[in-house]
Every structure is written in structure tokens, then in C-alpha cells.
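Please look at the sequence and the structure shown below before reading on. The report that follows moves from the core to the sheets, then to the helices, and ends with one residue in a loop.

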Amino acid sequence: MIKKQKDDIREEYKERRRQMPADEKFRRDEAICKAAEGLVSFRYAEYVLLYAATADEIDVSAIAKAAFAKGKKVLFPRCDRKSHTMTYHEVKSLDELVDDGTGFGILEPPETNPVYDAEHETAGAVCFVPGLVYDRAGYRLGYGKGFYDRYLSAFSGCTIGVVYSDYILPEVPRGRFDVTVDILLTEKGVRVTKDAGKSRPGKG
């Protein structure tokens, strides 16, 4: 029942994303990245965990460029599609990201790049988390593979859900392994979630 509810919402909002005019998307994405630079958690972060956006995801590359300029360590995920797990690897430039070969245009850092150790390198870490939609409590719907829920369950830094303001729902269907983010970052500003971090170890 929950899976069907999630799939229905995914299809609706994936279609809405596809229908968004390119100039509107650019303006919204730009506003989101500017808002990110004003976050206290970003300003004081030593490690900035990001994602390489696909064509219909919110483009956060400007956040990466700002982080590079400030001398922060910038990391992007590599996905193991057999175990549905992720590792974050440091990059010195966006040019290091390469196509993962799946045919979906997903860019990843090289496997040989330094791996971020979420368990031991917790000081000043912030993770920007993509999602199709979020709810006010901080739960998200992604693409249904569970990569982020698995990773974030062991991550104790600040988590920031990246989402358009009109893609925040009162509540999304959730399962027992779903986790919340601490903050929602939108083109209209920032809001702390109702259940910030309660579903993660050492939070709430």
C-alpha cells in the first residue's frame, strides 16, 4: 500500500519537473544555491557532501563552486547498485566527475579518489540531499532505491533537503527505514523540519 502511494506521488512530480520551463528551472536553482551559501551550517562546514544533478534535478553545482572557493572539502557519491549503498569521494574540481556508464547520464567521482569516513570525520559536515518531494517533517521521496536512507542513517552531520517550495507536502508516505533531514532548502529560503534528525542516530 505504501509503495503504491509513493509510486503515484513520484510519477506526478517527475512529470511536473519535466514540464517546468528551462528558464524557470534556472531561476529557481540559482536562488536555491544562493540561499545555501547563507546557511550557517554551510559557512562552518569543512566537508560539503553534494550530488551531481541529472537534467531534471535541482542543479547544485554553484554550491560546489562556492565551497571550492572557500577551501572546503567537496564530495560526491558513488553508488553500488548491487548493495544499494553509497560512498562519498572527494574531488578538487567538477571536471573530475565522470559518467557512471548506466546510460542515465549520472556523474560520479573516480573510485580512486579519497573516501569520506562518515563515522570518524563528523566535525563540520553538511550533506545536501536531493528528493522529488519532501514533507514538512523532513521525510523525502526519491527514486525508490534507498541509497540516501541507508547512508544518512549513519551520518551525524547536518542534512539539507534540496527541494522546490511547491514540492513540499504536508506528509509523504513513509516506511520504517525512511529518515528525515534537518533543513529544507528552497528557492524561497530555508525552513527547519518538524522532525529534524529524529530518525537518525544521535539526533533528536
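## Core and central strand

The largest nonpolar core holds 59 residues, and among its members Leu49, Leu50, Tyr88, Tyr116, Phe128, Tyr151 and Phe155 touch the most other members. Strand β6, which covers residues 125-130, gives the most to this core, with five residues. It should be kept in mind throughout that this is a predicted model.

How many of the residues of β6 are buried? Six of its six residues are buried, and the strand is described as mostly covered. Ala125, Cys127 and Val129 point one way from β6, while Val126, Phe128 and Pro130 point the other way, and all are buried. In a regular strand the side chains alternate between the two faces of the sheet.

## The two sheets

Strand β6 belongs to an open sheet of seven strands, whose order is β3-β2-β1-β6-β9-β11-β12 and whose pairing is mixed. The edge strands of this sheet are β3 (85-91) and β12 (189-192), each of which pairs on one side only. When direction is ignored, neighbouring strands of this sheet are turned by 25 degrees against each other on average.

A second open sheet is made of three strands in the order β8-β7-β10, and here too the pairing is mixed. Its edge strands are β8 and β10, each pairing on one side only.

The table lists some of the strand pairs in these sheets.

| Strand pair | Bridges | Direction |
|---|---|---|
| β1 and β2 | three | parallel |
| β1 and β6 | three | parallel |
| β6 and β9 | five | parallel |
| β7 and β8 | two | antiparallel |

Individual residues show how these pairs are matched up. Valine 48 has valine 74 as its bridge partner in β2, and valine 48 also stands opposite valine 126 in β6. Further along β6, proline 130 has valine 162 as its bridge partner in β9. In the three-stranded sheet, valine 133 stands opposite leucine 141 in β8.

## Helices against the sheets

Helix α1 contains 18 residues (2-19), which at 1.5 Å a residue should span 26 Å, and because its end C-alpha atoms are 26 Å apart, the expected and the modelled spans agree. Which residues of α1 are buried? They are Lys6, Ile9, Arg10, Tyr13, Lys14 and Arg17. These buried residues cover an arc of only 135 degrees around the axis, and therefore they lie on the same side of α1. On the other side of α1, Lys4 and Gln19 are exposed. The buried residues of α1 pack against β7 (133-135), β8 (140-141) and β10 (168-169), and β8, β7 and β10 are the strands of the three-stranded sheet.

Two other helices lie across strands of the seven-stranded sheet. Helix α2 (residues 22-37) lies across β6, β9 (158-162) and β11 (183-186), and it runs at about 135 degrees to β11. Helix α4 (residues 61-69) lies across β1, β2, β3 and β6, and it runs at about 135 degrees to β2.

In α4, the residues Ile63, Ala64, Ala66 and Ala67 are buried. They cover an arc of only 160 degrees around the axis, so they are placed on the same side of α4. Lys65 and Ala69, on the other side of α4, are exposed. The buried residues of α4 pack against α2, α3 (40-43), β1, β2 and β6. After α4 comes glycine 71, whose phi is positive, near 80 degrees.

## Arginine 81 in a loop

Where is arginine 81 placed? Arginine 81 is in the loop between β2 and β3. Its relative accessible area is 37%, and because this value falls between the limits of 20% for buried and 50% for exposed, arginine 81 counts as partly exposed. If its neighbours within four places in sequence are left aside, arginine 81 is in contact with Asp100, Thr102, Ile106, Glu108 and Phe147. Serine 93 is twelve residues from arginine 81 along the chain, and the C-alpha atoms of these two residues are separated by 25 Å.

Technical notes: Residues numbered from 1 in each chain as written. Predicted model: local features only at pLDDT ≥ 70, side-chain atom pairs only at ≥ 80, totals over all residues. Heavy atoms only, no water. Core = buried A, V, L, I, M, F, W, Y, C linked by side-chain atoms within 4.5 Å. Buried < 20%, exposed > 50% of the residue type's maximum accessible area, 1.4 Å probe, protein only. Helix = DSSP H or I, 4+ residues; strand = E, 2+ residues; numbered from the N terminus. Expected span 1.5 Å × (residues − 1). Arc of directions from axis to C-beta. Contact = heavy atoms within 4.5 Å. Pairing = 2+ DSSP bridges. Axes fitted to C-alpha atoms, helices over the stretch in contact; angles between N-to-C directions.
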